[in-house]
Structure formats: C-alpha cells, structure tokens
Amino acid sequence: MPDRTHQPVVFLDFDGTISRVDVVDAILDRYADPEWLRVEQDWKAGKIGSRACLAEQMALVLAPRADLDALLATIEIDPGFVPLLEACDAAAIRAHIVSDGFDYCIARILAQVPDRYQTLLDGVTVCASHLEPSAGGRWRAGFHYMDTLCAHGCATCKPAVMDALNRAGAPAIFVGDGLSDRYAAAAADVLFAKDTLAGHCAAQGISFFRYETLADVAAYVSTGIVRERHEYR
C-alpha cells in the first residue's frame, strides 16, 4: 500500500466544484432580498471580503428550514467526485474540502453520496463557514477557519487551512472554480481550475490544468505523478 506520508494532499473547493452549481448563490437567488446582489458587487469590486459579504447576504435570507433543505436536495454532485475519492484512496492520498460555503449545506449534499461510498468520506476534513437556523426562518452564519480574520477578509482562509492540514509540506493539489479560490490557487503546487478561476489565473499568468469534471482530476491522481502545472490552454 502506498505510504500516505509521502503523497500529495488534495484540497477541494465545494460550491461549483463538488456541487454542480454554486450552493450559496442558489439559496440567495431563491430566498434572499435582492439587496444581496449589491453586496455581491461590493465583494467582486474588492470593497469587502467574502466573510463580510456572506454574513450580510445570509442575513437577507428568509427561508424555513424545510424549504432550504428541499432546495439542497435538488443540488447535484459532480459525477467525478466519487471516482476522485476512489483514486485518492487507492493512492493513499488525503483529500479535504476547503470552502467559503456553509457546513450545513455541504453535509446535507454529501449525504447524497450512496451508502457504499460513504466510508470514502470518513477521512475527508471539511473546513467551511458555519450556518445554523435561527428564529423566524432566519439563518445565522459563523466563520471559524480561521478564527482570526485573514489578510483578505475571507470567510475561510484557504491558504491557512491548507497549511494546517498539510504540516509535512507535501505537494498541495487544489481544485476550484471561482474567484473565492484565487488565494488558494496561488498557494497550491498543482492547480486544477475552470470557469471564473480559470479566467483569473490565465489573466494573472498563474499556470493550471483546466478541467471539466472531477473525473479529470481523478485521472491525474491515478497516474501517480505530480507534474508542474504548466498546461493552461
């Protein structure tokens, strides 16, 4: 069996990477006051960090728990997610989820993974923002990764979490799709990107492997070779 201590570590974004849509955006589209769009623009313009953005946006959500759960039940998982977990397990590679999104949503969506594959999730650490229901259909957000505010005001300081989960300094493979992944992308040794993250990295000269589904990442892991991230066309 491969020695896990000498293997790279895989870090996965969740919204739009493991889930096929951005979960937070789906919630806001359905249940938030339209003011959330102004807050989003402030974040994209760099006026606020994602921690302040998400706290303000989730305060605008009005949804009974049952309704939110029903929405989460409709959100699909990337078909390559389980094959990626299987590839990581076969290669003794640790995989973790680092997300600005919410633990409540992630747990409910990951429950969709068939029972026979749930053991593959046992070793996966989920570091994400916290969400819990409050009175009157409101929701309370919290941010614990890290407890101290990061330099960029991120909801989850992904580079700090990646360091904490990779004390041995093994090669870090990061997989993401969005603007909130840009700091993790810069910290990774190997980067897989699509959508907005791919555009950002191309514009900034950050090399990456472009992927369509997590099956592409699974195929890379299965090769057993950590290559330089020079392919981004």
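Modeller: Before we start on this predicted model, a word on rings: those of Phe, Tyr and Trp (its six-membered ring) pair if their centres lie within 6.5 Å.

Biologist: OK, so how many aromatic pairs does a search of the whole structure find?

Modeller: That search covers the whole structure, and its count of aromatic pairs is 4.

Biologist: Take Phe192 and Tyr220: is that pair stacked, tilted or edge-to-face?

Modeller: The ring centres of Phe192 and Tyr220 sit 5.1 Å apart. Phe192 belongs to strand S6 and Tyr220 to helix H10, 28 residues apart, and both are buried. Planes over 60 degrees apart count as edge-to-face. Here the angle is 75 degrees, so the pair is edge-to-face.

Biologist: And which residues form one aromatic cluster with Tyr220?

Modeller: Phe209 also pairs with Tyr220, in a tilted arrangement with 5.6 Å centre to centre and 45 degrees between the planes. Phe209 lies in strand S7 and Tyr220 in helix H10, so this pair ties together parts 11 residues apart in sequence. Phe209 is buried at 5% relative accessible area. Tyr220's partners in the cluster are Phe192 and Phe209.

Biologist: Switching to cysteines, how many disulfides are there?

Modeller: A disulfide needs two cysteine sulfurs within 2.5 Å. For Cys105, the closest cysteine sulfur is 15 Å away in Cys53, too far for a bond. Cys150 is in no disulfide either, with the sulfur of Cys154 3.7 Å away. The count is 0.

Biologist: Last one: is Val82 buried or exposed?

Modeller: Val82 lies in helix H5 and touches Val113, Tyr117 and Leu120, leaving aside residues up to four places away in sequence. Buried means under 20% relative accessible area. Val82 has 15%, so Val82 is buried.

How values were computed:
Residues numbered from 1 in each chain as written. Predicted model: local features only at pLDDT ≥ 70, side-chain atom pairs only at ≥ 80, totals over all residues. Heavy atoms only, no water. Helix = DSSP H or I, 4+ residues; strand = E, 2+ residues; numbered from the N terminus. Buried < 20%, exposed > 50% of the residue type's maximum accessible area, 1.4 Å probe, protein only. Contact = heavy atoms within 4.5 Å. Phe/Tyr/Trp six-rings, centres within 6.5 Å; stacked < 30°, edge-to-face > 60°.
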